[in-house]
Protein chains: 2
Amino acid sequence: MIEKYFSPLTGNGAPAFSLKNDAAVFSPKSDTDLVFTKDALVADVHFFSNDDPELIAERALRCNLSDLAAMGAEPLGYLLSLALPNKDLYIEAWLSSFCKGLENNQKLFKWSLWGGDSVATNGPITISITAIGETKKASHLTRTGAKVGDGIYVSGTLGDAAAAIKIIENDLDVAGSDFILNRFYKPFPRLKLGKALVNIASSALDISDGLIGDLSHICKNSGVGAHINQPKIPISAAFGNLLETKPEYNHLSWTGGDDYELLFTVPPENEKSLLNIPNCQSHGITKIGEIIAEQRIFLLDERQAEIRIDNKGYRHFEN
Amino acid sequence: MIEKYFSPLTGNGAPAFSLKNDAAVFSPKSDTDLVFTKDALVADVHFFSNDDPELIAERALRCNLSDLAAMGAEPLGYLLSLALPNKDLYIEAWLSSFCKGLENNQKLFKWSLWGGDSVATNGPITISITAIGETKKASHLTRTGAKVGDGIYVSGTLGDAAAAIKIIENDLDVAGSDFILNRFYKPFPRLKLGKALVNIASSALDISDGLIGDLSHICKNSGVGAHINQPKIPISAAFGNLLETKPEYNHLSWTGGDDYELLFTVPPENEKSLLNIPNCQSHGITKIGEIIAEQRIFLLDERQAEIRIDNKGYRHFEN
């Protein structure tokens with residue numbers, strides 16, 4: 001299995017030596033730091049077990065690439081653990097398609113398989129990926145540097161991936177559903193933007209738990225709070241279509257995860273540099289709020305009234 | 001959960017930053033290579049789900065440390081993915097004990113937690129560890145360098161871990177069973193030996209699948225075969241005791257895995273250097289055979305007759 005499916009994904013020579021050794025060996029460049037991240041995905045928790053395996057692979061790698069993007073790192077390679085149910089015939093076809101997804105991703109993002117292992121399980125398919133990236137020495141983004149007065153920004157549009165899950169679960173038929181589903185299955189890791197934000201952003205992370213949930217990580221680790229202007233939260237045209245028939249999904253743009261867009265803060269003195277980063281417009285950057293001293297997140301409507309946030313979504317307090 | 005159980009395992013500052021960022025950052029020394037290995041363990045496949053969680057953690061880390069040992073690398077840090085069933089009360093106690101095992105291991109082997117994640121699963125507990133080690137530049141062991149005439153060596157004793165599984169599964173009562181069980185739960189990664197073997201051994205790996213199975217990896221990757229003298233295979237006194245009542249377990253010393261001893265080959269001109277490595281005797285090194293040109297493994301009895309090997313164990317062909 002390893003020779004047939006995985007060795008071809010390693011390229012020749014180091015680091016993986018075609019998976020012929022106990023471990024991969026990587027020779028770092030002297031002016032670089034290495035960045036490590038690890039994410040596990042479980043069938044029917046993080047993806048649907050009947051999803052196309054090619055898309056499962058793509059999504060698993062893209063989620064990890066997004067963590068590298070949030071550090072401002074360039075991808076180098078990854079290690080993969082696969083726990084697979086013991087159903088041989090099914091698994092052959094599944095693996096072949098899964099590895100096609102890995103291969104497509106590697107070509108697009110110019111990285112490769114460094115190692116890993118495959119084991120049997122009595123439970124659901126479980127995928128664990130360790131992604132390794134590099135930055136210039138001491139040049140990475142963190143979650144801890146947001147300061148009062150910094151602007152709060154996001155890339156792209158929010159709520160699409162959470163809407164995709166609603167579309168799948170409720171078998172909804174909406175204009176633009178292909179776009180929305182693609183946002184779930186093929187989130188686009190903002191690697192170029194992340195790299196460009198080093199020395200511009202005071203903090204950054206990728207949105208995997210939802211805007212408010214992830215913003216609270218930045219606020220907590222930086223010892224600050226935030227004002228977010230809900231009408232400024234960018235949504236896609238397709239998600240806008242969906243909201244016309246399902247206005248109750250509105251909150252997905254601030255509670256829904258899995259978009260893997262970047263959320264970051266920029267000090268006022270760096271705003272000009274932000275607008276000058278290469279292809280700035282292609283990243284769809286939107287300012288949605290500001291860091292404040294009070295250690296709490298306020299989500300504000302168009303009249304600056306607070307939208308109460310709870311785990312299920314929101315309640316609206318009228319003034 | 002992360003703050004309570006895992007942050008204390010990271011130490012302060014880099015690489016893990018107390019798990020406050022999306023990823024860990026490591027600044028490699030300029031004269032080093034980094035070594036990466038990844039192993040997954042599934043409950044009731046790789047460990048018993050009712051095992052003491054402290055021992056599950058110890059064993060999971062030690063298996064990965066053994067892969068680093070087999071490369072001649074020094075451990076630096078690890079990333080951990082835990083997929084846990086959603087039974088909160090049980091999981092609190094389980095996690096607390098599991099993290100105690102991680103902590104004990106970190107102190108003994110002087111490495112630390114760099115990152116990872118914890119997810120829910122409907123299936124068995126699944127642990128995936130990525131271990132990172134370092135070597136001096138271009139100074140690591142491989143599986144590909146065995147040459148005709150090289151001696152074949154192992155460290156320690158073989159068959160203990162496989163005997164431990166028999167003892168547990170069949171509820172056997174034998175003298176020395178504590179020793180044997182400990183060999184399964186706390187295999188000792190041969191880190192010092194691995195490091196010492198760089199520039200002495202022509203090939204090396206750690207025995208996780210069984211002597212013959214793992215030797216076949218060296219033979220295949222080096223394009224050679226092997227003679228193994230079965231009476232020379234080192235076994236522990238406790239395993240010897242067990243064989244008195246259970247002689248049918250004899251084959252476990254060459255078919256049983258999980259001992260995590262090193263198997264390595266040494267060219268004749270390096271045998272003297274091997275005997276001169278520091279504390280050589282503490283590693284319990286035994287010469288058990290020789291590399292040959294014919295690409296096949298011969299297991300020979302005390303009269304040099306071949307012991308036929310099959311997957312189930314062995315059959316003995318008398319001359």
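Visitor: Let me start with one residue: where is the place of B:R303 in chain B?

Guide: B:R303 sits in the loop between β11 (297–300) and β12 (307–310) of chain B. Keep in mind that we are reading a predicted model.

Visitor: Does B:R303 count as buried or exposed?

Guide: The idea is to count neighbours around the residue: 12 or fewer C-beta atoms within 10 Å means exposed. B:R303 has 8 C-beta neighbours inside 10 Å, so it counts as exposed.

Visitor: And how many residues apart in sequence are B:R303 and B:T126?

Guide: They are 177 residues apart in sequence, and in space 46 Å lie between their C-alpha atoms.

Visitor: Since the model is predicted, what pLDDT does chain A average?

Guide: Chain A averages a pLDDT of 91, and 95% of its residues score at least 70. One stretch deserves care: over residues 312–319 of chain A the pLDDT is below 50, and this stretch has 14 contacts in the model beyond near neighbours in sequence. Where pLDDT is low, the predicted coordinates should not be read in detail.

Visitor: Which ipTM and pTM does the predictor give the complex?

Guide: The complex gets an ipTM of 0.86 and a pTM of 0.89 from the predictor.

Visitor: Now the place where the chains touch. How many residues does the contact take from each chain?

Guide: Chain A gives 49 residues to the contact and chain B gives 49 residues. On chain A, the elements that supply two or more residues each are β1 (24–26), β2 (32–42), α2 (53–71), β3 (74–85), β4 (112–121), β5 (126–136) and β7 (203–206). The largest share of that side, nine residues, comes from β2(A).

Visitor: How do the residues on that side of chain A divide by type?

Guide: The side of chain A that touches chain B has 21 nonpolar, 17 polar and 11 charged residues.

Visitor: I would like to learn to read a sheet. In what order do the strands with β4(A) and β1(B) stand?

Guide: A good habit is to walk across a sheet strand by strand. Here five strands form an open sheet, in the order β4(A)-β3(A)-β5(A)-β2(A)-β1(B), with mixed pairing. At the edges stand β4 of chain A and β1 of chain B; each has a single partner strand, so one side of each is left without a neighbour in the sheet. On average, neighbouring strands of this sheet are turned by 15° against each other, direction ignored. Helix α2(A) packs on the sheet, where it touches β2, β3 and β5 of chain A, and its direction makes about 30° with that of β5(A).

Visitor: How many bridges join β2(A) to β1 of chain B?

Guide: Three bridges join these two strands, which run antiparallel. You can follow the pairs: A:L34 stands opposite B:F26, A:V35 has B:V25 as its bridge partner, and A:F36 is bridged to B:A24.

Visitor: And over how many bridges does β2(A) pair with β5(A)?

Guide: β2(A) and β5(A) pair over 11 bridges, in the antiparallel sense. One example is A:D33, which stands opposite A:T135 in β5(A).

Visitor: Why is β2(A) described as largely enclosed by the rest of the structure?

Guide: Of the 11 residues of β2(A), 10 are buried, so this strand is largely enclosed by the rest of the structure.

Visitor: In what order do the strands stand in the sheet that holds β1(A)?

Guide: That open sheet has five strands with mixed pairing, in the order β1(A)-β2(B)-β5(B)-β3(B)-β4(B). Its edge strands are β1 of chain A and β4 (112–121) of chain B, and each pairs on one side only. The twist averages 20° from one strand to the next. Three bridges join β1(A) to β2 (residues 32–42) of chain B, and the two strands run antiparallel. In that pairing, A:V25 has B:V35 as its bridge partner. Helix α2 (residues 53–71) of chain B packs on the sheet, touching β2, β3 (74–85) and β5 (126–136) of chain B, at about 30° to the direction of β5(B).

Visitor: Last topic, domains. Which domains does the assignment give for chain A?

Guide: The assignment gives domain 1 (2–136) and domain 2 (151–316). Their centres, taken over C-alpha atoms, are separated by 27 Å. In chain A, 16 residues of domain 1 are in contact with 17 residues of domain 2. On the domain 1 side, α2 and β3 of chain A each give two or more residues, and the largest share, 12 residues, comes from α2(A). That side divides into nine nonpolar, two polar and five charged residues.

Key:
Residues are numbered from 1 along each chain as its sequence is written. Chains are lettered from A and ligands numbered from 1 in the order in which they are written. This is a predicted model: local features need pLDDT of at least 70, side-chain atom pairs count only at pLDDT 80 or more; totals for chains, interfaces and linings use all residues. Two residues are in contact if their C-beta atoms, placed from the backbone, lie within 7 Å. Helices (H or I, at least four residues) and strands (E, at least two) are DSSP runs, numbered from the N terminus. Ala, Val, Leu, Ile, Met, Phe, Trp, Tyr, Cys and Pro count as nonpolar, Asp, Glu, Lys and Arg as charged, and the others, Gly among them, as polar. Two strands pair if DSSP finds at least two bridges between them. Domain bounds come from an automatic or database domain assignment. Axes are lines fitted to C-alpha atoms, for helices over the stretch in contact, and angles run from 0 to 180 degrees between N-to-C directions. A residue is buried if 20 or more other C-beta atoms lie within 10 Å of its own, exposed if 12 or fewer, and partly exposed in between; C-beta atoms are placed from the backbone. pLDDT is the predictor's confidence in each residue, from 0 to 100.
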